[in-house]
Amino acid sequence: MAFVPGFDHDVFVSYAHGDDRDWINRFLDRLKPVLSRLLPGASVWIDKDDLRKSRDFEKDIPANLESSAVLISLVSPTYIDRPYCVQHECRRFSELVASRKLAGQRFAGPEFAADLFALRCPILPMPDKSYWSLIPGATDLSFCGDDDIEPFPIGSQAFENRFRELLQRELIPLLRRMRNRSTPVLLYPRRPAPEIEEAHVALTNELSARSYLILPDNELDPATHVPRCELAVLLLGARYDEASRNLVKAIKDLEKPLVAWPSPALENSGEPLQRGLFQDLLQFESSRKTVLSTGVTPDKLKQEVFTRLNPRDNIASAAGGKPRVYLIYDSRQNSEKNNAGIIAFHYQDEFHFEYSDAPRHDNVRLTQSEGVLLLWGGAGEEWCAEEFDRMVRLASHSKSRGLCLFDPQESKIGESKIALAEQIRRTQSAIHVAEQFGHFDPARLEPFFTPIRRVEAGSA
């Protein structure tokens, strides 16, 4: 998984075998954790020497280059003399970028017209500037002085200044714009009535300024755009639109995240069917919906939408520096809240717990928590299957992941729980399975918490 949807990796680091590999490794040791912290799920790929012994690098390198969003070239005289670096990586990446900008492709918009999605980072001086021919026009950020015989030492002031410039001025803003462009937002209706025009214009302008892809982008049935969107935003005026019925049905069926805003006109003069649509949304049970009140201003609506799109900015630091553990449970059931509460109560001195009763923060907690624990008590099997799948996909960077089964023998769905536990033990070695029956026993959860303690102790 990458920070930019649709790619396997956010950054492909290109270098020449023969250059200072210790420096390159230390450069990566600085780059990877910073990107992971600032951009949840960010992935960096580099060709490692040990991979060449066990894999076909002539296939592996091109495949990973094609599935990377941005290229960083660690340029040197040796690099320029390597035809593979010049032709198979730099030139090939330029061709990939050109294809991504063709009409109909995701980066075809004018906001990306000047972007080459590549950064040249010379690590040794080249007075003739021959590296300028590598992806002409790419941004240069040199990690060496004109008279140096080696790169800036890792940790030196010169290195830190350039590293900060690379991240803050170039790489992170670019990846965020690419992610936004790869995150379609459905804003309906496409042609707003006067009573919702102010809210529509405010959202459209802000989404466009941040490079989000706004749907619908044609006159087809809006429901056909729902499968593509990452978030649906419905602005409800006074008049009923028959197309909105199919749109809402598609959102429900596909369980898409939703923000619905009823304008004051709906409350004051809304048609009966439009009022019925709004009541249907209110009664629709989903942890992924947000239905606002008519008193919410267009500016507050805009804030709500971007809170859903960028939840990371709204997550507080873990209290007291404790490791963060995310407890996932069916928040609609009091019994499941009780299960989460008793775990948090027993481990509160060691860990900072967060709970799945705030859907807007769900993805970031899955990607950034040191531990993610799924609790399955009386919830349905389908609920557990979906949440487990999301945990496996999104919490891959967590120090520990677990499934805690409450009363597996006595529950009506006990057979399903036992079967799932056995399947996970056979196929998911990284998932710790704990069973709680009778009185709660914290010791049964120790296999989940111990790896988090071990990592924290090693980093202290």
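## A buried arginine

Arg365 comes out at 11% relative accessibility, so it counts as buried, since the cut-off for that label is under 20%. Bear in mind that what you're looking at is a predicted model. Arg365 sits in helix H13, which covers residues 362–368. If you want a distance to check around here, take Arg365 and Glu354: their C-alpha atoms are 8.1 Å apart, with the two positions 11 residues apart in sequence numbering.

## The overall picture

Zooming out, the protein has 460 residues, and 49% of them count as buried. The secondary structure adds up to 16 helices and 15 strands. Lay the C-alpha trace along its principal axes and you get a span of about 75 × 60 × 40 Å.

A good deal of the contact map is long-range: take the contacts between residues at least 6 apart in sequence, and 73% of them join residues at least 24 apart. On the outside, about 22,200 Å² is exposed, with carbon and sulfur atoms supplying 49% of that area. As for charge, there are 58 positive and 67 negative side chains, and the centres of the two sets lie 1 Å apart.

## The five-strand sheet

Next up is an open sheet of five strands, paired in parallel and ordered E2-E1-E3-E4-E5. The edges belong to E2 (44–46) and E5 (139–140); each has a single partner strand, so one side of each is left without a neighbour in the sheet. As a reminder of what holds such an arrangement together, strands of a sheet pair through backbone hydrogen bonds, either parallel or antiparallel.

At the E5 end, the partner is strand E4 (residues 118–120), and the two pair in the parallel sense over two bridges. To find the register in your viewer, look for Arg120, which stands opposite Asp140 in E5.

## Ser14 in strand E1

Strand E1 runs over residues 9–14, and Ser14 is part of it. With a relative accessibility of 1%, Ser14 counts as buried.

What does the side chain of Ser14 make a polar contact with? The partner is the side chain of Tyr79, at 2.6 Å. Tyr79 also turns up in the contact list of Ser14, along with Leu71, Ile72, Ser73, Leu74 and Glu89, once neighbours within four places in sequence are set aside.

## Strand E11 and its partner

Strand E11 (residues 324–328) is another story worth a look: five of its five residues are buried, so the strand is largely enclosed by the rest of the structure. In a regular strand the side chains alternate between the two faces of the sheet. For E11, one side carries Arg324, Tyr326 and Ile328 and the other carries Val325 and Leu327, all of them buried, which leaves both faces covered.

E11 runs parallel to strand E12 (residues 352–355), and four bridges join the two. Within that pairing, Val325 stands opposite Phe353 in E12.

## Ile452 in helix H16

Val325 shows up again over at Ile452, as one of the residues that Ile452 touches. Ile452 lies in helix H16, residues 446–459. How buried or exposed is Ile452? Its relative accessibility is 0%, so Ile452 counts as buried.

Leaving out residues up to four places away in sequence, the other residues touching Ile452 are Pro323, Phe351, Glu370, Gly371, Lys399 and Ser400. Ser400 lies 52 residues away from Ile452 along the chain, yet their C-alpha atoms are separated by 6.3 Å.

Note on methods
Residues are numbered from 1 along each chain as its sequence is written. This is a predicted model: local features need pLDDT of at least 70, side-chain atom pairs count only at pLDDT 80 or more; totals for chains, interfaces and linings use all residues. Side-chain values use heavy atoms; hydrogens and water are left out. Buried means under 20% relative accessible area, exposed over 50%, partly exposed in between (1.4 Å probe, protein chains only). Contact means heavy atoms within 4.5 Å. Accessible areas come from the Shrake-Rupley method with a 1.4 Å probe; for residues, only the protein chains shown count as cover. Lys and Arg count as positive and Asp and Glu as negative; His and the chain ends are not counted. The place of a charge is taken as NZ of Lys, CZ of Arg, CG of Asp or CD of Glu. A polar contact is a pair of N or O atoms within 3.5 Å; within protein, one must be able to donate a hydrogen and the other to accept it, and residues adjacent in sequence count only if both atoms are side-chain atoms. Two strands pair if DSSP finds at least two bridges between them.
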